[in-house]
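Thanks for making room for this on the agenda. I would like to walk through one small region of a model, and I will keep to what can be read from the coordinates.

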Amino acid sequence: MDDAVELESIRHQYEQAGLDVSDVDPDPIVQFRSWFDAWAATGPRDPGLMVLATVDDEGWPASRAVLLRGLDDRGFVFYTNHTSDKGRALDAMRRASLSFVWHDLERQVRVVGGVDRVSDEESDAYFASRPRGSQVGAWASDQSAVLPDRVTLDERVAEIDRQYQGDVPRPPHWGGYRVQPREIEFWQGRPSRLHDRVRYRRAGSAGPGSPVWVIERLAP
Ligand SMILES: Cc1cc2nc3c(=O)[nH]c(=O)nc-3n(C[C@H](O)[C@H](O)[C@H](O)COP(=O)(O)O)c2cc1C
């Protein structure tokens, strides 16, 4: 145990930057884009990595990593299997939270919102852009189901691969979800744990596609 990391003695001072209500863009998606681009510029392996939290119809929470594959005024898009644990929870509850931890920049962004499936056209277009191996995998894997062994999965992959010699169509059980933010919080680490937190809270709408955002500082 001598080499074990002593968790309780790790101390990191956060001091790269500050954040104030007056610094941020009135539109949280524009603000997210600007922070996301700064994060991507640091060269992470997969800048779109985020943690998706769901709650099922019994109130049990679950979280897992997924990849951000689309972002516009309507929200944050990722793709998955609709019959997976997360797909069932999303379809049943239609709510989710996303967390982005950009530690090299001492930043965190949290999103909470309602969830809808993206259109079939959007899912088709994204599915068509995936490598063939991933397309075959989407048919072969009954995501979140119990598998007896690896061989069962490999055999199923080989079977699907034989079945679709040319283009692989999108499986009906696979597609995108969009998280439509009702809250987005931007967190910037500061010294002595007195961090800066700026939260956008959706407070109605000024017309179609024009949400009204209340921007507030939160205690760290
Ligand atoms: C870096 C990384 C990226 C991932 N991206 C996705 C993704 O975009 N979609 C997906 O369905 N699963 C993705 N996964 C796998 C999920 O974390 C999870 O294992 C899987 O979706 C099953 O989750 P569920 O059983 O809660 O539905 C990713 C995992 C990692 C580590």
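**A side-chain pair and a nearby topic, the loop**

Let me begin with the side chain of Glu185, which makes a polar contact with the side chain of Arg197 at 2.8 Å. Please keep in mind that this is a predicted model, and that the distance I have just quoted, 2.8 Å, is computed from its atoms.

Where does Glu185 lie? Glu185 belongs to strand S7, which covers residues 174-188. Glu185 counts as buried, because its relative accessible area is 6% and the cut-off for buried is under 20%. If we leave aside residues up to four places away in sequence, Glu185 touches Gln108, Val109 and Arg110, then Arg197, Val198 and Arg199, and also Leu218.

Now to the loop between S7 and strand S8, the latter being residues 196-205, where we find Ser192. Arg193 is found in the loop between S7 and S8 as well.

What is the sign of phi at Ser192? Ser192 has a positive phi, of about 60 degrees, although it is not a glycine. Arg193, which is not a glycine either, has a positive phi of about 65 degrees. The reason for pointing this out is that most residues other than glycine have a negative phi.

As for accessibility, Ser192 is exposed, because its relative accessible area of 53% is over the 50% cut-off, whereas Arg193, at 40% relative accessibility, counts as partly exposed.

Methods
Residues are numbered from 1 along each chain as its sequence is written. This is a predicted model: local features need pLDDT of at least 70, side-chain atom pairs count only at pLDDT 80 or more; totals for chains, interfaces and linings use all residues. Side-chain values use heavy atoms; hydrogens and water are left out. Helices (H or I, at least four residues) and strands (E, at least two) are DSSP runs, numbered from the N terminus. Buried means under 20% relative accessible area, exposed over 50%, partly exposed in between (1.4 Å probe, protein chains only). A polar contact is a pair of N or O atoms within 3.5 Å; within protein, one must be able to donate a hydrogen and the other to accept it, and residues adjacent in sequence count only if both atoms are side-chain atoms. Contact means heavy atoms within 4.5 Å.
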